[in-house]
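Here is my note on the model you sent round, set out as numbered points. I hope it helps as you go through the side-chain contacts yourself.

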Amino acid sequence: MQDEQSSLTALNRYLQEQGDPIAAVNTITRFTGGYSNLTYLLQTNGKEYVLRMPPHGANIKSAHDMGREFHVLHLLKPHYAKVPTPVLYCESADIIGAPFYIMEKLEGIILRAQNAPKMQIPAATFQQLSGALVDNLAALHALDIERTGLVQLGKPEGYVQRQVEGWVKRYYAAETDKIDSMDVVAQWLQQHLPPAQAPAFLHNDYKYDNLLLDPDDLTRITGVLDWEMSTVGDPLMDLGASLAYWFEAGEEEVFKHYNLTWLPGNYTRRQVIDRYAATTGRDLSNISFYYAFGLFKNAVIAQQIYHRWKQGHSSDPRFGALLPMIQLLGKKSAATIERKTL
């Protein structure tokens, strides 16, 4: 985005040209945090909205495609209430420097690794909330992808194989250090693809910090955010991705800085799996594959960031300290496929 004042002027001019779908914007404020698309709060006289746009220099295809993200919300809203109402999409980069879309702002509390441990949330609350989290994921996977039109968002056939091959390729393209466990997992995943599941709509980044909660009842989910990676495919890939962020109290201390699932009352991974299986009736006998892939994928994402740091494209010391995390995630994934247990 250009400087705030010029962006504000250009945005209001554009909104006027589009027939004033929202009232004139008084202020634009960026939400800090996050590593993907840029998010801004728009304040009008009577209401707040959210504007999303890709980061500077991003390839606007795939995860940074604002038109696709807007389309996801448009398809979802009539069938799933916990998404913001999409308002307007602008394909042009000439208005504020990049394509963008505007949606209504949902109210609620987001629990993050940084704030949740300080909130003294009772264990009983987390027990109910973690169950609601699983049930809400199951509800997403129960959406009729044909009737809703969500099927057009992806190609369900061969989804798991494409994902495995794609992330293995990304890993070796970004490899900097020889990590034996990552080699083992990469080979094993390609050789042990599970039987196909009935396709479903996937969020693809479903975790606590993408949920909005009712401030008066933290066990009630009021909204789900960040639909940029959503698609259609094997729903257990979605569950496996969530499990890969779900670290328990007795595990390595470093993971406590990245999640809050270790706090008292939260389900264990086994409880998450059992509740999802009971709610959906799906066969989870191969869940260790999906969990191992989720861990591998997270390691690859960290490896890509570390690779860019090694090449001198970032001076952020956090990125330079990622190698032990990559090694640890590879080790946990390899242990999972060796034991076939979570």
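1. Let me start with a residue that is easy to overlook. Asp 205 has a relative accessibility of 14% and so counts as buried, the cut-off for that class being under 20%. Please keep in mind that this is a predicted model.

2. Asp 205 has a charged partner: its side chain forms a salt bridge with that of Lys 207, at 3.7 Å from N to O. Lys 207 is partly exposed, with 21% relative accessible area. The two residues therefore fall on either side of the cut-off, since buried means under 20%. Lys 207 has a second contact to look at, as it lies over the face of Tyr 245, 4.1 Å from the ring centre.

3. Another charge over a ring is found at Trp 167. Here the charged end of Arg 170 sits over the ring, 4.4 Å from its centre.

4. How many salt bridges are there? The count comes to 16. One of them joins the side chains of Lys 47 and Glu 104, with 3.0 Å between N and O. Lys 47 belongs to the loop between strand 2 (38-43) and strand 3 (48-53), while Glu 104 is in strand 5 (residues 100-104), so this contact ties together parts that lie 57 residues apart in sequence. Both ends are partly exposed: Lys 47 has a relative accessible area of 36%, and Glu 104 comes to 25%.

5. I would also look at Asp 226 and Arg 52, whose side chains meet in a salt bridge of 3.4 Å, N to O. This pair links distant parts of the chain, 174 residues apart: Asp 226 is in the loop between strand 8 (217-224) and strand 9 (231-233), and Arg 52 is in strand 3. Are the two partners buried or exposed? Arg 52 is buried, with a relative accessible area of 4%, whereas Asp 226 is partly exposed at 29%. The contact does not stand by itself, for Arg 52, Glu 69, Asp 226 and Glu 228 are linked in a network of salt bridges.

6. Now to the rings. The whole structure holds 13 aromatic pairs. In one of them, the ring centres of Tyr 14 and Phe 100 are 6.0 Å apart and the planes stand at 75°, so the pair is edge-to-face. Tyr 14 comes from helix 1 (residues 4-17) and Phe 100 from strand 5, so parts 86 residues apart in sequence are tied together. Tyr 14 is buried at 12% relative accessibility, and Phe 100 is buried too, with 0%.

7. Trp 188 and Phe 289 offer another geometry: their ring centres are 6.0 Å apart with the planes at 35°, so this pair is tilted. It links distant parts of the chain, with Trp 188 in helix 6 (residues 180-191) and Phe 289 in helix 9 (residues 287-310), 101 residues apart. Both Trp 188 and Phe 289 are buried. Elsewhere, Phe 70, Tyr 89 and Tyr 101 form one aromatic cluster.

8. Last, a word on pockets. The second largest pocket holds about 190 Å³ of space. Which residues lie nearest its centre? Of the 13 that line the second largest pocket, these are Pro 156, Gly 158, Tyr 159, Val 160 and Ala 196. By class, that lining has eight nonpolar, three polar and two charged residues.

How values were computed: Residues numbered from 1 in each chain as written. Predicted model: local features only at pLDDT ≥ 70, side-chain atom pairs only at ≥ 80, totals over all residues. Heavy atoms only, no water. Salt bridge = Lys/Arg side-chain N within 4 Å of Asp/Glu carboxyl O. Helix = DSSP H or I, 4+ residues; strand = E, 2+ residues; numbered from the N terminus. Buried < 20%, exposed > 50% of the residue type's maximum accessible area, 1.4 Å probe, protein only. 1 Å grid on protein atoms, 1.4 Å probe; cavity = no way out; pocket = protein on both sides within 12 Å on 5 of 7 lines; lining within 4 Å. Points joined across faces, edges and corners; volume = space filled by probe spheres on them. Nonpolar A, V, L, I, M, F, W, Y, C, P; charged D, E, K, R; others polar. Phe/Tyr/Trp six-rings, centres within 6.5 Å; stacked < 30°, edge-to-face > 60°. Lys NZ or Arg CZ within 6 Å of the ring centre and 35° of its normal.
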